[in-house]
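Q: I should like a close reading of one part of the model shown here, set against a brief account of the whole. Please keep to what the coordinates support.
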Amino acid sequence: MSTDPSSSSSSSTGGIVRPSDNGLLSYGAYLQLDTLLSCQKPESERVHGKLSHDEMLFITIHQTYELWFKQILFELDDVRQIFSEQYLEEQLMLQVVARLERIIEILKILAQQMVVIETMSPLDFLKFRSLLAPASGFQSVQFRLLENKLGIPPERRKKYHHKGYKWLERTPGLDDETFNFWSKLKENYEADVQKRRKNAEALLDEEKIGHLDAIQEEVNKFRSLFDEQAYEKRRRGGIARLSYRAMQGALLILFYRDQPRLHLPSKMLSLLMDIDKLMLQWRVNHLAMVQRMLGSRMGTGGSSGYLYLKETTSDDYKVFLDIFNLSTFLVPNHLLPQLSDKSIKLTVTLILRCAFLAQHNRTKDILQSSIRF
């Protein structure tokens, strides 16, 4: 496509579309530039008859955000469509990973884009801010859809629907009676703890007490790994959100991520954490920008402004917090049981309709999808 400047008029907001000489589709017509570039309607110009210069930047930035939100939702919906089938071939799993990687790159742009709007000074913002009420970024439907599809329910966005993690409950090895992974891991772990305690006993008193306390604290945490009742107690207290089986499945994927059949599921877990991290980074950048521009003023939509946005940077807004916290239970490789031949040959069955898929239709049960190798 050509971007020949001679095809546009002197106006920066209209007359961009020109038919090509041969009557074929032109660049401007394909992108509907006349429509796109006429979507900026500054309130300062409408109300006062004179444009407040920085309002054009303000509108352009937010319209750009909405276009990127649309693209992210488009990618998420494609992933959801892929997993609408009962069985999923490996090449489609590669496509899912590619979609998530694209989302991550877009989120990087969104986080970096905040520096552009920060070229506007707080005083310049105040020249037109009063004209925006009661409009507010809080009203962005696409951003709410994005949050919901990632797993934050609209009725209480500080919580999420843990059923979206059922895909982890079908990880290979969880139900293999010939390979009692968790019993073997518990046996290996307890032997390692005894060895470390013995070594700590040989230390000087001050060092010994510190080492023994650290070991006991670790043992207390690991108790919920091997005892479902202890784990459920943590979950009821809000410390854990994954189901017990989903937690086990996720750990199996991490423990044996070098197994060819578990490489893509492991990649999926990593990408989900990257999405969470970049969403948080965007929120933090947004928070800093709002504080710089407005201090502690209320938002134009009636929110508490900075104080409200500060709450959205807490762990309550991390959809995949449990996956981050799995590192608590990682152990050295020499403690891992050797996988049985049966476990290695198992079909990797996952319900890869994670939290953002569960929110697409919360009135239906999560459908099971499988990855066959």
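What does the accessible surface of the protein come to, and what percentage of it belongs to carbon and sulfur atoms? After that, please look closely at the part where helix H4 and helix H6 cross, together with the segments before and after it in sequence.

A: The model is a predicted one. The protein has an accessible surface of about 20800 Å², and carbon and sulfur atoms account for 52% of that area. The chain has 373 residues, 43% of which count as buried. Its secondary structure consists of 16 helices and two strands. When contacts between residues at least 6 apart in sequence are considered, 71% of them join residues at least 24 apart.

The crossing itself comes first. Helix H4 spans residues 53-82, and its axis comes within 9 Å of the axis of H6, with a crossing angle of roughly 85 degrees. Angles of 65 to 115 degrees count as roughly perpendicular, and H4 and H6 are therefore described as roughly perpendicular to each other. On the H4 side, the meeting involves Asp 54, Glu 55 and Phe 58; on the H6 side, it involves Asp 124, Phe 125 and Phe 128. Both helices thus bring acidic and phenylalanine residues to this meeting.

One of these residues, Asp 124, also takes part in a salt bridge with Lys 127, in which the closest N and O atoms are 3.1 Å apart. The two partners both belong to helix H6 and stand three residues apart, about one turn of the helix. In an α-helix there are 3.6 residues a turn, so residues three or four places apart point the same way. The two partners fall into separate exposure classes: Asp 124 is partly exposed because its relative accessible area is 25%, whereas Lys 127, at 56%, is exposed.

Ser 52 ties this site to the segment before H4. Ser 52 sits in the loop between helix H3 (43-48) and H4, and its relative accessibility of 12% is why it counts as buried. Apart from neighbours within four places in sequence, Ser 52 is in contact with Ser 44, Asp 124, Lys 127 and Phe 128. Ser 52 therefore touches both partners of the H6 salt bridge, as the contact cut-off is heavy atoms within 4.5 Å.

Helix H3 has a salt bridge of its own, in which the side chains of Glu 43 and Arg 46 meet at 2.7 Å, N to O. Because Glu 43 and Arg 46 are three residues apart in H3, about one helical turn separates them. Glu 43 is partly exposed at 23% relative accessible area, while Arg 46 counts as exposed at 60%.

Earlier in the chain, Gln 32 occupies the loop between H1 and helix H2 (33-36). Its phi is near 50 degrees, a positive value in a residue other than glycine, and at 52% relative accessibility Gln 32 counts as exposed. A nonpolar surface patch is made up of Leu 25, Tyr 27, Tyr 30 and Leu 31, which together have about 410 Å² of accessible area. Of these, Tyr 30 belongs to helix H1 (residues 27-30) and is partly exposed, with 49% relative accessibility.

On the other side of the crossing, the chain passes from helix H6 (122-129) to helix H7 (141-150) through a loop that contains Pro 134. Within that loop, Pro 134 is joined to Ala 133 by a cis peptide bond, with omega about 0 degrees. H7 is largely enclosed by the rest of the structure, because eight of its 10 residues are buried. The buried residues include Phe 143, Leu 146 and Leu 150, and also charged ones, among them Arg 144, Glu 147 and Lys 149. Just after H7, Gly 151 has a positive phi of about 130 degrees.

Lastly, the salt bridges described above may be set against the whole structure, in which a search finds 16. Among the others, Glu 75, Asp 78, Arg 99 and Arg 102 are linked in a network. In helix H9 (residues 205-226), Asp 205 and Lys 208 are about one helical turn from each other, being three residues apart. Their closest N and O atoms are 3.7 Å apart. Asp 205 counts as exposed at 55% relative accessibility, but Lys 208 counts as buried at 19%.

Key. Residues are numbered from 1 along each chain as its sequence is written. This is a predicted model: local features need pLDDT of at least 70, side-chain atom pairs count only at pLDDT 80 or more; totals for chains, interfaces and linings use all residues. Side-chain values use heavy atoms; hydrogens and water are left out. Patches are made of residues with over 30% relative accessible area and no salt bridge: like charges are joined within 9 Å, nonpolar side chains (Val, Leu, Ile, Met, Phe, Trp, Tyr) within 5 Å. Accessible areas come from the Shrake-Rupley method with a 1.4 Å probe; for residues, only the protein chains shown count as cover. A salt bridge is a side-chain nitrogen of Lys or Arg within 4 Å of a carboxyl oxygen of Asp or Glu. Helices (H or I, at least four residues) and strands (E, at least two) are DSSP runs, numbered from the N terminus. Buried means under 20% relative accessible area, exposed over 50%, partly exposed in between (1.4 Å probe, protein chains only). Axes are lines fitted to C-alpha atoms, for helices over the stretch in contact, and angles run from 0 to 180 degrees between N-to-C directions. Angles under 35 degrees count as roughly parallel, over 145 as roughly antiparallel, 65 to 115 as roughly perpendicular and the rest as oblique.
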